[in-house]
Amino acid sequence: MLCFIDTEQYQLRSITPEAAAYQRSVNLQYGDECYSINVEQLSNKVAFGCGSNILIYNSILEYEIHTSFEKNIRSVAHCTKRNELYYLKTNRAVGYMSADCFAFEQELKIYSSTNN
């Protein structure tokens, strides 16, 4: 059973002029175009799914760690209870790994099709 109750998942979309309000700019050290962002509420860790990388930033948006994959990461979620990161790749594979050290990557399932 997955435990995403204490996380917030955001899907990045094109910003319209009416919706844009500048708050703060973060220069991401790794990755390409970012597809998703996840804020873990208890620790305020921020996970970005950028290109083929997952980037972790702390609560004041300072870089902490990242990991790279062969395929692009489309979505990222943090499970606080088990301290694991779950992700969806562009090849429709869902996997997870330890959020502490990005070790022990496990693939859960490959979907035959997905929608946005």
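**Exercise 1. Surface and fold**

What does the accessible surface of the chain come to, and what share of it belongs to carbon and sulfur atoms?

*Solution.* The model is predicted. Its chain has an accessible surface of about 7700 Å². Of this surface, 47% belongs to carbon and sulfur atoms. Turning to the interior, 34% of the 116 residues count as buried. For the secondary structure, the chain contains 9 strands and 0 helices, and its pattern along the sequence reads β-β-β-β-β-β-β-β-β. Finally, consider contacts between residues at least 6 apart in sequence: 33% of them join residues at least 24 apart.

**Exercise 2. The disulfide**

Determine which cysteines form the disulfide and which parts of the chain the pair ties together.

*Solution.* Begin with the count: the structure holds 1 disulfide. The partners are cysteine 34 and cysteine 50, with an S to S distance of 1.8 Å, which lies within the cut-off of 2.5 Å. Next, locate the partners: cysteine 34 belongs to strand E2 (residues 34-40) and cysteine 50 to strand E3 (residues 45-50), so the pair ties together parts 16 residues apart in sequence. The geometry follows: the link is right-handed, with 85 degrees about the S-S bond. Lastly, cysteine 50 has a relative accessible area of 0% and is therefore buried.

**Exercise 3. Histidine 78**

Establish whether histidine 78 is buried or exposed, and identify the side chain joined to it by a polar contact.

*Solution.* Histidine 78 lies in strand E6 (residues 73-79). Its relative accessible area is 8%. Buried means under 20%, so histidine 78 is buried. The side chain of histidine 78 is joined to that of asparagine 83 by a polar contact of 3.1 Å.

Methods
Residues numbered from 1 in each chain as written. Predicted model: local features only at pLDDT ≥ 70, side-chain atom pairs only at ≥ 80, totals over all residues. Heavy atoms only, no water. Helix = DSSP H or I, 4+ residues; strand = E, 2+ residues; numbered from the N terminus. Buried < 20%, exposed > 50% of the residue type's maximum accessible area, 1.4 Å probe, protein only. Polar contact = N/O pair within 3.5 Å; in protein donor to acceptor, adjacent residues only side chain to side chain. Contact = heavy atoms within 4.5 Å. Areas by Shrake-Rupley, 256 points an atom, 1.4 Å probe, with all protein chains shown as cover.
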